[in-house]
Amino acid sequence: MRTVLEPRRLRLLIQLESLGTVRAVAVAASMSPSAVSQQLAVLERESGTALLERHGRAVALTDAGVALAAHARAILERIGAAEEDLRALRDAPAGTVRIASFTSAMRAFVITVHLSELEPDDCVPALTRGEVDLAVVADFGDGTLPGAPHLRSAALAHDELKAVLPPGHAFASGHLEDLCDDPWLLDGTELERHIVRRCRRAGFEPRVAGRLFSHEALLYAVRSGLGVTVLPTFALDRAEGVVVRSLTPVARRELVVLHREGALDRRSVALTLDVLVAAARSV
């Protein structure tokens, strides 16, 4: 009998590969865990092979499940491209393009589409699950940017990481070790983890005085003399009342946009990527 694979069930398999538990898939898909399990069982029957290994309450994909998940990503991309091609016969490219980005890049050049504010650790799984189509991420050049073999990248821009200090702070050398005795204000994101790694390489553990989850709040706290921090230049367009200094050696991050292999077959995604690249070059 001919095998028929249903796209909705393929998406559940992709989500299970990324999220790891049926319960997490159920939350992401707004379904009950039993309904997810039933749909995956149907998918196993449709495929004619075991896709899942059950170890008590834990579930893992078999080799066949992993292989089918890889094919499923390509299948769903082609379905999206086909839908767009059909729309293109009627009118201009249409459809929602979903972009994930972090705060400073979003403020700098992300256009008006469906935006999700996610850190790089969350962007790659969201791309894999098909929850977003493009993800703007920061690469600090230290090998910590998560990746996956089915993802591709395009360069957007780069900016500099700079020390941000209270008014009157004497910091002429640019060497992080000269800030070892200062209290530090951090943001709880990948930027914080990068700063901590740089401080450790400079020979000290930063003494964290507080974590503030917006650049505006960090700048206000530094201006008030509560500590020092490091921020990218994209976040310093309103940095009045603080001292901003380059680090030695100069610290930079590369901004890139990630997409799934095959996603650019969808005209709306390809056009949005072109607009993002053009917008980044104009910043």
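This is a short group-meeting talk on one predicted model, going from the start of the chain to its strands, cores and salt bridges.

Okay, hi everyone. Please keep in mind throughout that we're looking at a predicted model.

Let's begin with helix H1, which covers residues 7–19. How far apart should the ends of H1 be? At 1.5 Å a residue, its 13 residues should span 18 Å, and the end C-alpha atoms are indeed 18 Å apart, so the two values agree. Plenty of H1 is tucked away: Arg9, Leu10, Leu12, Leu13, Ile14, Gln15 and Leu16 are buried.

Have a look at the start of H1, too. A side-chain oxygen of Glu6 comes to within 2.7 Å of the backbone nitrogen of Arg8. Glu6 and Arg8 also meet through their side chains, in a salt bridge with an N to O distance of 3.2 Å. Is Arg8 buried or exposed? Arg8 has a relative accessible area of 58%, and the cut-off for exposed is over 50%, so Arg8 counts as exposed. After H1 you get Gly20, with a positive phi near 95 degrees.

A little further along there's Ser30, in the loop between helix H2 (22–29) and helix H3 (33–47). Most residues other than glycine have a negative phi. Ser30 has a positive one, near 55 degrees. Ser30 is exposed as well, with a relative accessible area of 70%.

Now for the strands. Find strand E6, residues 151–165. Which way does E6 run against E10? The two pair in the antiparallel sense, over 14 bridges. To get your bearings, Glu160 has Arg252 in E10 as its bridge partner, and Arg152 stands opposite His259 in E10. E6 is also joined to E9, by 4 bridges, and that pair runs antiparallel too. There, Lys162 is partnered with Leu231 in E9.

E10 has another partner besides E6: E5 pairs with E10 in the antiparallel sense over 6 bridges. In that pairing, Asp139 has Glu254 in E10 as its bridge partner.

One more thing about E10. Most peptide bonds are trans. The bond from Thr248 to Pro249, though, is cis, with omega near -5 degrees, and Pro249 lies in strand E10.

So what's packed inside? The largest nonpolar core has 45 residues, and Leu156, Trp184 and Val257 touch the most other members. Several elements each supply at least two residues of this core, among them strand E5 (134–139), strand E7 (183–186), helix H7 (190–201) and helix H8 (215–223). Which element gives the most to this core? That's E6, with 7 residues. There's also a second, separate core of 19 residues, and Val25, Leu40, Leu51 and Val59 are included in it.

Last topic: salt bridges. How many does a search of the whole structure find? The count is 14, and you've already met the one between Glu6 and Arg8. I'll pick out two others.

Take Glu261 and Arg152, whose side chains meet at 3.1 Å, N to O. This pair links distant parts of the chain, with the two residues 109 apart. Glu261 is in the loop between strand E10 (243–260) and helix H9 (267–282), while Arg152 is in strand E6. Both partners are partly exposed: Glu261 has a relative accessible area of 47%, and Arg152 has 33%.

Then there's Glu190 with Arg197, where the closest N and O atoms are 2.9 Å apart. Which other residues join these two in a network? Asp142 and Arg193 do: salt bridges that share partners tie Asp142, Glu190, Arg193 and Arg197 into one network. What about exposure here? Glu190 is buried, at 7% relative accessible area. Arg197, at 24%, counts as partly exposed, because the cut-off for buried is under 20%.

If you'd like one place to start in the viewer, go for E6. It pairs with E10 over 14 bridges, E6 joins E9 through 4 more, and E6 gives 7 residues to the largest nonpolar core. From E6 you can step across the Arg152 salt bridge to Glu261. That's it from me, thanks.

Methods
Residues numbered from 1 in each chain as written. Predicted model: local features only at pLDDT ≥ 70, side-chain atom pairs only at ≥ 80, totals over all residues. Heavy atoms only, no water. Salt bridge = Lys/Arg side-chain N within 4 Å of Asp/Glu carboxyl O. Buried < 20%, exposed > 50% of the residue type's maximum accessible area, 1.4 Å probe, protein only. Core = buried A, V, L, I, M, F, W, Y, C linked by side-chain atoms within 4.5 Å. Pairing = 2+ DSSP bridges. Expected span 1.5 Å × (residues − 1). Polar contact = N/O pair within 3.5 Å; in protein donor to acceptor, adjacent residues only side chain to side chain.
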